[in-house]
Amino acid sequence: MASEFELSRNITIGQYVPTGSFIHRLDPRIKLLVFTILVLAIALNTSYVGNALGLLLSIYLFWASKIPVSYGLSGIKPAIPFIIILAVLQLIFQGNVFSGGTVFFEYGFILITSESIRLVIVSAVRFVEIILLSSVLTLSTSTTELTHAIQSLLSPLKKIKFPVHELSLIITIAIRFVPTFAIEMEKMMKAQASRGADFGSGEWWRIIQRTKDMLPIIIPLFNIALSRAEDLILAMESRCYTPGNERSAYSVYKALERDYLVLIIGLLLSLLLLFYPFPF
Amino acid sequence: MKGTLTVRNIVIAGVLGAVAILLGVTRLGYIPVPTAAGNATIMHIPAIIGGIMQGPIVGAIVGIIFGVSSFLNATVPLFKDPLVAILPRLFIGVVAWVVYVGIRRKSEYLAIGTAAFLGTLTNTVLVLTMAVVRGYMGAEVAWTVAITSGIPEAIVGTIVTLAVVLSWKQIGKGKKSRISED
């Protein structure tokens with residue numbers, strides 16, 4: 001029972017496994033860039049061979065970063081029922097939409113073709129690949145490094161007066177406050193439960209009941225969040241923080257040769273996944 | 001765009017982003033419903049509140065944070081596609097702001113309620129459209145999801161947003177910083 005309220009335990013943001021591997025030591029800007037391109041390339045690839053390549057690549061990255069693959073697989077486990085349900089739905093209803101290829105089975109509105117089978121298999125594998133890739137990135141890069149990377153990758157946008165520094169400050173504030181709010185929420189849930197409140201244990205089909213149960217937690221959560229925001233605004237203004245001013249950073253990243261090499265390999269792989277006409 | 005982001009905008013966007021992430025990672029943002037989508041989400045509510053309270057830019061930023069966190073935490077293959085998880089979420093706060101500003105003169109309550117309702121529908125409709133475009137579900141399935149989970153979601157969203165914004169307007173009086181009052 002009590003374990004239901006330990007929200008902070010489930011929070012994996014900023015979960016960082018310092019193994020000091022090659023992947024960990026890469027320039028965070030280049031790491032973020034390469035991972036983003038790879039994820040996009042995988043999301044757009046629909047061939048069997050392409051996705052097999054992607055799967056091999058993501059497993060290789062776990063090995064190279066010396067992080068146990070079980071960390072990545074633990075993210076896939078809760079998703080298995082969804083993958084199966086989605087696969088069945090796609091198999092039954094998608095035959096007409098992706099009607100190319102050989103027809104294997106046809107009965108009423110159910111139409112199973114080689115194309116719809118491809119869709120089912122590829123979207124399941126793609127999902128596993130993207131989970132693995134995004135966990136390698138977050139497990140091997142600290143949140144500070146990530147925020148710096150975002151800021152520096154977006155910095156060309158400064159030319160068109162896009163508020164890059166402000167955006168990265170927003171992200172830092174957001175990440176900083178997640179654990180704080182989790183602790184506040186734990187307190188509120190315990191307080192409500194000690195008064196006999198019952199949340200989330202109603203039958204799963206009683207949507208309105210389950211929603212109502214959540215209101216006594218969600219509304220105070222927003223109020224706490226907004227009053228923390230007011231405090232922070234006061235604190236920042238009293239220290240004369242002015243948005244839009246030129247600022248320097250404590251740590252300055254410098255990309256080395258190996259970083260550029262990784263960037264080139266990553267770009268080539270993504271181009272291969274995006275444009276090479278795989279036979280299967 | 002210099003000067004459009006005040007200290008107040010930055011902090012409120014950050015804090016609401018934190019709430020969106022928290023609702024996602026603790027699973028409190030999901031209310032299980034028996035449909036193909038599996039869950040009705042209330043994680044988009046911070047984006048609506050951001051749009052209503054601080055304007056379209058804050059709304060869009062909170063939307064992006066929500067999108068990225070739903071992409072990173074997704075257990076449904078659908079949301080491991082950045083085009084489905086991130087892109088549609090940009091518009092939630094913007095739509096909420098447009099609706100709120102349009103109706104505000106007539107009635108504050110009506111404006112907040114309608115903004116929340118249409119903001120939630122924006123999320124449902126755009127995500128489902130992207131899902132159909134990207135081939136995760138057929139149009140029939142999408143319609144079923146839109147009706148069975150979209151409508152309860154919109155009602156829940158309206159109630160929660162109204163409660164939060166109105167209670168904040170009461171509490172927030174006299175506590176706000178004078179400099180950033182705009």
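Student: In which helix of chain B does G102(B) lie?

Tutor: Good place to begin. This is a predicted model, and G102(B) sits in helix α5 of chain B.

Student: Is G102(B) buried or exposed?

Tutor: The general idea is to compare relative accessible area with a cut-off, and exposed means over 50%. G102(B) has 62%, so it is exposed. You can also set sequence distance beside spatial distance: G102(B) and L72(B) are 30 residues apart in sequence, and their C-alpha atoms are 35 Å apart.

Student: Where in chain B is the predictor's confidence highest, and where is it lowest?

Tutor: Helix α5 (residues 90-103) has the highest mean, 91, while strand β1 (residues 30-32) has the lowest, 63. Chain B as a whole has a mean pLDDT of 80, with 81% of its residues at 70 or more. For the complex, the predictor reports an ipTM of 0.83 and a pTM of 0.74.

Student: What span should helix α8 of chain A have?

Tutor: Here the idea is a rise of 1.5 Å a residue. The 31 residues of α8(A), 164-194, should therefore span 45 Å, and the end C-alpha atoms are indeed 45 Å apart.

Student: Where does the kink in α8(A) lie?

Tutor: Look at V178(A), shortly before the proline P179(A): the kink there is about 35 degrees. After the helix comes G196(A), with a positive phi near 95 degrees.

Student: What sign does phi have in most residues other than glycine?

Tutor: It is negative for most of them. Now for two cases with a positive value. K66(A) has a phi near 60 degrees and belongs to the loop between α3 (48-64) and α4 (69-76) of chain A. C240(A) has a phi of about 60 degrees and lies in the loop between α9 (207-238) and α10 (257-275) of chain A. As for accessibility, K66(A) is exposed at 57%, and C240(A) is exposed at 61%.

Student: Which residues have the most contacts inside the largest nonpolar core?

Tutor: They are F181(A), L221(A), F222(A), V11(B) and V15(B), in a core of 64 residues. Elements giving two or more residues to this core include α8 and α9 of chain A and α1 (7-25) of chain B. The largest share, 14 residues, comes from α1(B).

Student: Which residues does F181(A) touch?

Tutor: Leaving aside residues up to four places away in sequence, F181(A) touches L221(A), A225(A) and R228(A), along with V15(B), A18(B), V19(B) and L22(B). Apart from that core lies another, of 36 residues, among them A64(A), L139(A), L263(A) and A85(B).

Methods. Residues numbered from 1 in each chain as written. Chains lettered and ligands numbered in written order. Predicted model: local features only at pLDDT ≥ 70, side-chain atom pairs only at ≥ 80, totals over all residues. Heavy atoms only, no water. Helix = DSSP H or I, 4+ residues; strand = E, 2+ residues; numbered from the N terminus. Expected span 1.5 Å × (residues − 1). Bend = angle between axes of the 7 residues up to and from the residue. pLDDT = per-residue confidence, 0-100. Buried < 20%, exposed > 50% of the residue type's maximum accessible area, 1.4 Å probe, protein only. Core = buried A, V, L, I, M, F, W, Y, C linked by side-chain atoms within 4.5 Å. Contact = heavy atoms within 4.5 Å.
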